[in-house]
Structure formats: C-alpha cells, structure tokens
Amino acid sequence: MIKKWKVYQSDGGIEGGGTAMRKRRIQVAKGETPADLVLKNAKVLNVFTEEFIDGDVAVADGVIAGVGSYEGVREIDCTGKYIVPGFIDAHVHIESSMVTPLEFARFIVRKGTTAIVADPHEIVNVCGMSGLEYILDASERSPVDTYVMIPSSVPATDVDINGAGKILAEDMLPYKRHPRILGLGEMMRFVDVLNGHEETLRKLDAFEDMAIDGHAPGIQGKEVQAYRVSGVMDEHECATAEEGLEKLRAGLKILVREGSGARNVETLMKGFAEAGVSLGNCMFCTDDKHLEDIEKEGHINACIRKAVAVGTPIIQAYKMASWYAAVAYRLKDMGAVAAGYAADMVVLEDLEKAEPDLVIKGGNVVTDKWLESFTYELQNKSLLETVKIRDLSLKSLYLEKKEKNDVLELVPHQLLTRHLKEEIPGKEGVFQPDGKYSKLVVVERHGRNGKVGVCPMKGYGIRGGAVATTVSHDSHNIIAAGDNDEDILCAVRELEKMQGGYVITSGGKIVDELPLTLGGLMSVEPAKVVQEKTSKMVEKARAMGISEGVDPFTTLSFMALTVIPEIRLTEAGMFDVNKMCFLEA
C-alpha cells in the first residue's frame, strides 16, 4: 500500500507564523533587528555577478537576510576568509557509501555538501518500492537536504535478475507528489530509448514535466541527438572530453563525476577548458564514492579542487558545485549566498584547496552536537533479510578452458571493460586462475533461479584468496573474484550467513568482513566505523595483489552492470553490452 505523503505547507497564511517570520526577515535585512547569526568581514561569492564582495552575511530563521553590514545575536569573524554556497551533489547513490542516509549526511556535510540528488535504484532493485520509501523516510529529517529521483531502470535490462522484479511507469506515478521527488532517475535503458521501446517511453512521458536524468555511455552522432530529444536532461557517463563535448553541444547538461570507480573530473574539465566552452550546463556529482575516499579526498569539494587544478576558473568551479545544480534541478532558493536563499554556506581559507573551515546548514553551525540531534529508527525489518542463495558447490564454479576463451578485461580508473579472446591458464581442460587472470563469479542471491555465472577476468590481479560482495550494480547479486574456488565458495557462503556485505577469504578462512545487512547494501553502524573497516579491508585486498587503478570492491561491484560497455558477467553468463546479447557458451 502506497503511503499518503503529507503535504508540506508553510506555517503562514494570513493568521499563521509565516507572515510574522517574513516580517522579521525583512526587518533584519533592513538592519532594524539583529540577525540570528552574522558571518563578519568575509569575501562573499556572488554567483549572479561572478565576483567576490567584501561584507557580512546575516541569517534569520535559517534564511540569508542580507549581505552587507550587519549585527547579530551571534557573530563569527571571517576576516580573510571566503564564503561560498553550500555544495550540491547532483547525482549520488547513497547506498554506495554503505551507510544509512542519515549517516551519509552526517559524513558529507563536514566536507561542505549541504544538498544531494539521490537515485536509490540500488535498494529499489533489491527491495522494490519499499526501498524507495525507506530512503525517503530515513532522509526526512537530515543535516543534508536529500532530494530523490525515482529509479527509471529496475531492472537495468530485461536480462537482469533482481529482487524487485520490474518497476513500471504506473508503479512510479503515485510517488510524484512527494515534495522531495524531483523526477526520473538515470535512464540506463538508453538502448530501449533509442529503439522507441514503448514501456520505456511511457516512463519518459510520465515525467516529462520534471527532471529526467541520463545514462548513455559511448553513444555518439545522431544517437546523442535522439537521446536528448527523448526528454533526457543530463548525462554523467562521459569517459572522454570528446564524448562530454558532443553531449554538451547537443543540449545535455553534463554531470562531471568523481567517484571511487570512475574519475572523470580531470579529463573532462581539461578538455572543456581547452575547447573554451561555457560551463553553465555543467555540475559536479560523485555517483558512487566510498566513505574512505571521501575521508581522504573530500566529496564535492574534491571535484572543485581537481577542476581548478586543471584550469577551470575558480568562480566557475564553485558555481558548478552549487548554483548550476540548483538551477538544473529547480531547487528554489538554493545555491547562492544572497538575500532570500537558504543559509547553506561554506567558509574557506583557500579557494584552491576547497577545504571547509566552517559549514553552515540552514543557519546552523555544523558541530558534533548539532549532528547528534538527528536520529532515525528503521521500521521495515524485512530490509534486513534479503540474501537467499540456493545450493552452491565447487562444481558450480567450474569453467572449461578452451583454445581461446572470452575474457573480461578491466580498464584502470574506469568502469568500462574490454572484451578479449585469449588463451587462459589451466590444465585438463579446466580454467585455473593466476596473477594475470582471476576468476570472476556472479551468484544469484534473491532466491529467483539459483544460477551462477563464471568467467576469466584480466587486470584484477588477486592472489592467495578471494573477495566477494552483495554490492553488485544494479541487480545486486553476489559477485566474487579470486584465484581459487575454495576461497570463492567460502566467501559466498559467509555473505549468505551474515546477510550481505564485504568478505575477504584466504586459505579457506575469513580474513575480514563488513556486514551490510540493510538490503545487503548498507550497514546499520556509524559511518566512522564503516569508513575505518573499509579502509582496513582495502589495504588487506591490496596486499593480495589487486592492481593499482582498480578499487578492490567498487570496481568489482560494477562488473555485472549490463549497461556499461563492453562486456559484463551476470548469473546467466557473459553479456556483450554493445550487442545487448549473451555470448554463446
């Protein structure tokens, strides 16, 4: 049964508190009443005139009342510092952080991110619309404004086996009235769009009055034009500057991504700078980024820093991180430090480093005490029981060695793969992994068909064990890689026992594990605990020989995603993304 979303109204009206609040803000703006908070003596970025203006920023009731000369009940001296709008992540999958929406928000707001546009297609693929409702409920009261796109491609293709089955346009429509739903999530079924697939086009029709995100890696020429004319608004799957420029010129907004598995900021921004194009239709996103990488590198502030380093004008980089995203997603009164806009601001000492000295969210100074005031308790306990594996044995992992086998090769620092035909190691007609060729395995885990897919993978490099996870975009079946069947099987069985997560095995024993019991995707532990555990597990995986340029877990989790070229592995076998068909056995 679909919830009746409450309608959000102001506390105003003729007799309500809204009129009084509006009157007070006007008085503060005029200097007649002290502000709640004033940031004094700063250099304030004006996104409208693209200049830094010396002055104070006054805040009243969570809104910026004015920029100029003000006094407040609380004043913070920002002499020699810069004030910029709070950062907006234009496209992110919260589930990829492996923590709950609240824990994720607590983590990223310290990096200056005050709003996100989330696409929950990971948990929706596993749990259906109850997964969408969880994300909405869990982010209702949060230190970061969390807007949500309804997943468009569940499952990602007709060949994918997920836990939810197929989500159709009619399933989505009732959720459009939720106040934080902005539109339709990334349209990964781009081949269906280009082929005029009726079922897919009905989804585009249903959201033609809202934002529609794109996902179409590698398309070019008239296909780009066709994708844009279908109603898709933007694209975040640009691996080269040439691809980004072609899509930008076609009218698509470009979400420049810097995640854990795909790092595109340097390539795209360098190419855009060399071409001298306008950046008004560009914004930043992380898509999928681990907490450990956010801790070490930053979040959207890392995108700013990298963009500036390759020649992006500083003011343009900060507008990409705020104003351009707010405009694209019609986020009213967000993305600017100006009267009438939400008091979401970042105070910086160095614009090039982009490290927050202070973060203001809704007029609140972000502190540990303030962050601890936000709480959430999971209501739907069925989200904790989603791993259901049928009988599995060593025989299930057998792969015949032929004269030449189809091989999945990783592309360093990318989510793209190459399809090779090569002689692989083995004896007596059986594939035996080595340092050059690992064994990649996908196990169906939703209790649907019990199938197991196996193939050789080049470029991963693991020795002496196996890595396995239930995080496997987008159907989230179990995916594992190793150099021997015993450790692969051990890891898969442990994932079933703990109902999802990360596992490293060696010598038939568990080396380390991270339980992700919420949908097999997220931990119920605090973000710091997950971040520290992930960091240690990455180090242990690296020690087993996993190649540089490959994230041991994030890269692995994309090897079953059947919408990114060239080749993928599903529980049903190897899939040619370019031809959209399975390879012959």
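Here are some worked exercises on the structure above, which is a predicted model.

**Exercise 1. Classify an aromatic pair**

Task: Work out which type of aromatic pair F48 and Y341 make, and where the two residues sit.

Solution:
- Start with the whole structure, which holds 9 aromatic pairs.
- Now take F48 and Y341: the ring centres are 5.9 Å apart and the planes meet at 50 degrees. Planes under 30 degrees apart count as stacked and those over 60 as edge-to-face, with the rest tilted. The angle is 50 degrees, so this pair is tilted.
- Next, find the residues. F48 is in the loop between β1 (35–46) and β2 (51–60), while Y341 is in the loop between α14 (323–328) and β14 (345–348). These parts are 293 residues apart in sequence, so the pair ties together distant stretches of numbering.
- There's a third member to add: W323 joins F48 and Y341 in one aromatic cluster.

**Exercise 2. Buried or exposed?**

Task: Sort F48, Y341 and K579 into buried, partly exposed or exposed.

Solution:
- You need two cut-offs: buried is under 20% relative accessible area, and exposed is over 50%.
- F48 has 42% relative accessibility, so call F48 partly exposed.
- Y341 comes in at 16%, so Y341 is buried.
- K579 reaches 63%, so K579 is exposed. You'll find K579 in the loop between β28 (573–576) and β29 (581–582). From K579 to I567 is 12 residues in sequence, and 9.6 Å in space from C-alpha to C-alpha.

**Exercise 3. Another pair, and a charge over a ring**

Task: Decide what kind of pair F52 and Y82 form, then find which ring K176 lies over.

Solution:
- The F52 and Y82 rings are 5.4 Å apart, centre to centre, with 70 degrees between their planes. That makes the pair edge-to-face.
- F52 belongs to strand β2 and Y82 to strand β5 (residues 82–85), so to speak two distant parts of the chain, 30 residues apart.
- How open is F52? At 27% relative accessibility, F52 is partly exposed.
- As for K176, look at the face of F207: K176 lies over that face, 5.3 Å from the ring centre.

**Exercise 4. Read a three-strand sheet**

Task: Put β11, β12 and β13 in order, name the edge strands, and find the helix that packs on the sheet.

Solution:
- The order is β11-β12-β13, in an open sheet with parallel pairing.
- The edges are β11 (234–235) and β13 (282–285), each of which pairs on one side only.
- Between β11 and strand β12 (residues 253–257) there are 2 bridges. In this pairing, E235 stands opposite I254 of β12.
- The helix is α10 (residues 265–275), which packs on the sheet and touches β12 and β13. The direction of α10 makes about 135 degrees with that of β12.

**Exercise 5. Two helices that cross**

Task: Describe how α9 and α10 meet, and say what covers the buried residues of α9.

Solution:
- Two packed helices are described by the angle between their axes and the distance between the axes.
- Here the axes of α9 (residues 241–249) and α10 come within 8 Å and cross at roughly 60 degrees. The crossing is right-handed.
- Who makes the contact? From α9 come A241, G244, L245, L248 and R249, and from α10 come T267, L268, G271, F272 and A275.
- Buried residues of α9 include G244, L245 and L248. Their cover includes α8 (222–229), β11, β12, α10 and β13.
- E243 is in α9 too. With a relative accessible area of 12%, E243 is buried. Leaving aside neighbours within four places in sequence, E243 contacts A216, P217, G218, E237 and C238.
- Just past the end of α9, G251 has a positive phi of about 100 degrees.

**Exercise 6. A five-strand sheet**

Task: Find the strand order of the sheet that holds β9, and say which helix lies across β6 and β7.

Solution:
- The order is β6-β7-β8-β9-β10, an open sheet with parallel pairing.
- β6 (87–92) and β10 (211–214) are the edge strands.
- Neighbouring strands are turned by 25 degrees against each other on average, direction ignored.
- β9 (residues 181–187) and β10 pair over 3 bridges, with M187 opposite G214 of β10.
- Helix α12 (residues 300–309) lies across β6 and β7 (113–118), at about 100 degrees to β6.

Key:
Residues are numbered from 1 along each chain as its sequence is written. This is a predicted model: local features need pLDDT of at least 70, side-chain atom pairs count only at pLDDT 80 or more; totals for chains, interfaces and linings use all residues. Side-chain values use heavy atoms; hydrogens and water are left out. Rings of Phe, Tyr and Trp (its six-membered ring) pair if their centres lie within 6.5 Å; planes under 30 degrees apart count as stacked, over 60 as edge-to-face and the rest as tilted. Helices (H or I, at least four residues) and strands (E, at least two) are DSSP runs, numbered from the N terminus. Buried means under 20% relative accessible area, exposed over 50%, partly exposed in between (1.4 Å probe, protein chains only). A charge sits over a ring if NZ of Lys or CZ of Arg is within 6 Å of the ring centre and within 35 degrees of the ring normal. Two strands pair if DSSP finds at least two bridges between them. Contact means heavy atoms within 4.5 Å. Axes are lines fitted to C-alpha atoms, for helices over the stretch in contact, and angles run from 0 to 180 degrees between N-to-C directions. A crossing is left-handed if the near helix is turned anticlockwise from the far one by less than a right angle, and right-handed if clockwise.
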